[in-house]
Amino acid sequence: MNLVRNLLIMLIVSCLAAACGGNDAAEADDDNSGDSDSDGDSDGDSDGDSDADTDGDTDGDMDSDGDTDSDSDNDSPKYYFEAGDWKGYGETTTGDAVGGTISDLTGGFTSGEGELCVEGTLAMDYSSLGILAITVNQAENSDTAEDWTPGDVFGGINVNVTDRAGSGIRFVLEGSDGQSYCANNVADGGTLLRWSSFRTECWGSNGDSYDPSIGFKKIQLYAPGDENSEVGFNYCLSELNPVKTEDMPWGPVAHGKFVGNITTFGKIRSDFIQYWDQITPENEGKWQSVEGTRDKYNWSALDEIYKFTRENNIPFKQHTFVWGNQSPSWINNLQPAEQAEEIEEWIRDFCTRYPDTELIDVVNEATPGHAPAGYAKSAFGNDWIIKVFELAQTYCPNSTLILNDYNVLTWNTNEFVQMATPAVNAGVVDAIGLQAHGLADWSLRDLENNFNKVAALGVPIYISEYDADVADDQRQKQVLEEQFTFFYTNSQVVGITLWGYLVNGTWVENSGLIHDDGSLRPAMTWLMDYLGK
């Protein structure tokens with residue numbers, strides 16, 4: 001495609017005048033963008049630009065008719081910008097902003113060389129503040145701003161940003177659909193942001209992923225902060241390059257869905273990020289693993305996994321909070337009131353330590369006859385599932401909360417739906433997790449029929465533990481082609497996690513996809529080709 005021929009980037013470093021919200025409840029963030037207004041630009045206005053006034057036409061940024069101010073009284077410095085096929089210029093300003101000052105703007109920005117820096121101090125009343133605003137794709141020699149629609153040309157953006165104040169980095173993309181999409185905790189330094197990295201629920205990264213077919217208008221860089229705190233920031237942006245799909249180190253995530261995997265023997269393999277874009281600890285996050293002795297936590301394994309996800313900008317899934325198996329034995333010997341206290345303490349302490357956890361299996365295998373947590377029923381009564389989810393909502397409000405179970409696509413579909421319905425109707429379950437083990441001999445028609453029964457619950461679905469336990473290479477490939485394609489193309493499925501990938505390193509004998517020497521079984525070769533990796 002030759003889409004980029006006539007595209008121009010406008011790089012704007014603006015004195016964004018508003019924090020994400022105020023002390024007034026009416027100013028709270030209601031668009032999941034981390035700002036206080038409805039346009040995702042954190043300036044407190046509603047005109048969709050990056051200025052601090054309401055007319056949007058005299059500040060050296062995008063004005064109300066969509067073109068670029070070139071008034072003679074605008075003495076903001078301009079910087080030439082070239083990044084791959086994108087060319088343009090940016091204007092920067094300094095000065096007072098609500099709660100503080102933006103100062104010391106410097107810049108020399110050509111083809112990724114030099115730096116464009118902004119430094120200052122701002123007090124905030126809510127949780128975040130826009131520091132840099134980048135308006136992209138002003139059509140060359142045109143007075144009208146045009147949305148950029150990458151289609152199949154680009155798979156993401158490579159950015160190189162230095163956070164000299166150590167206050168944290170988040171990118172927010174404003175789509176042409178009016179939604180704001182956020183990539184959380186972007187690693188300091190060179191980072192490839194795939195389109196699927198951007199989510200509507202910016203601070204939890206849980207919401208709908210950005211669909212590149214809709215185009216976008218601008219990108220903003222945010223500094224997170226605590227309520228009523230004063231935050232010093234010092235950012236330097238030295239590179240912003242579109243990355244063509246075929247040049248990405250791993251392919252695009254079609255349909256905006258992740259395809260993840262688990263730890264291997266309690267570790268993260270060095271080739272993990274080459275193949276997968278989400279991770280679940282196989283055993284390290286289970287309550288028994290973390291708190292085998294009462295009030296003595298061992299977070300070391302989870303710390304490493306969580307850190308890995310932050311550094312690589314992929315979702316982290318906690319597995320699991322409450323389960324009848326692999327829970328600490330001491331919980332069963334307590335009185336109900338103490339059991340309730342300990343369950344709440346476990347959930348609270350996890351969420352405090354890992355506040356940006358994207359996905360959580362809150363309750364695991366609660367279908368009667370599976371492995372429901374008897375200690376939780378003892379603590380909270382017959383509505384224990386709802387109560388546990390309410391605790392997770394309280395302490396991990398930005399996480400996607402999942403009810404996870406097995407045999408749902410085979411023998412126990414009706415029993416699962418009956419168990420899940422009260423919690424779904426109570427509004428506490430964000431998604432269903434369908435373990436997908438042992439499906440190799442099931443017909444696709446039967447799987448589809450059972451899937452549709454679960455889909456009727458009306459919440460998103462994660463294929464949470466998928467594998468194909470098949471010794472014959474070609475048969476395993478055939479199973480994966482049929483079943484994975486069904487899951488991946490289903491609109492209600494929002495992510496798929498395979499349960500292990502190393503041959504002789506998975507929980508069942510023949511589900512491995514990669515040999516220890518790095519060679520791929522045919523099913524893995526097909527999968528990587530299918531995902532464009």
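**Serine 289 and the eight-stranded sheet**

Beyond the neighbours within four places in sequence, serine 289 contacts Asn283, Glu284 and Asn298. The model is predicted. With asparagine 283, the side chain of serine 289 reaches the backbone oxygen, at 2.8 Å. Serine 289 belongs to helix α2, which spans residues 287-290. The relative accessible area of serine 289 is 33%. Serine 289 is therefore partly exposed, as this value falls between the 20% limit for buried and the 50% limit for exposed. Glutamine 326 lies 37 residues from serine 289 in sequence. In space, the C-alpha atoms of serine 289 and glutamine 326 are 7.7 Å apart.

The sheet was examined next. Eight strands form an open sheet with parallel pairing. Their order is β15-β14-β21-β20-β19-β18-β17-β16. The edges are held by β15 (279-280) and β16 (317-323). Each of these two strands has a single partner, so one side of each is left without a neighbour in the sheet. Strands of a sheet pair through backbone hydrogen bonds, in either a parallel or an antiparallel sense.

At the β15 edge, the partner is β14, residues 258-262. Two bridges join β14 and β15, in the parallel sense. Asparagine 261 stands opposite isoleucine 279 of β15.

A helix also packs on this sheet. Helix α9, residues 473-489, lies across β14, β20 and β21. Strand β20 covers residues 461-466, and β21 covers 493-498. Helix α9 runs at about 155° to β20. Strand β14 thus has two roles in this description: β14 pairs with β15, and helix α9 lies across β14.

Terms used: Residues are numbered from 1 along each chain as its sequence is written. This is a predicted model: local features need pLDDT of at least 70, side-chain atom pairs count only at pLDDT 80 or more; totals for chains, interfaces and linings use all residues. Side-chain values use heavy atoms; hydrogens and water are left out. Helices (H or I, at least four residues) and strands (E, at least two) are DSSP runs, numbered from the N terminus. Buried means under 20% relative accessible area, exposed over 50%, partly exposed in between (1.4 Å probe, protein chains only). Contact means heavy atoms within 4.5 Å. A polar contact is a pair of N or O atoms within 3.5 Å; within protein, one must be able to donate a hydrogen and the other to accept it, and residues adjacent in sequence count only if both atoms are side-chain atoms. Two strands pair if DSSP finds at least two bridges between them. Axes are lines fitted to C-alpha atoms, for helices over the stretch in contact, and angles run from 0 to 180 degrees between N-to-C directions.
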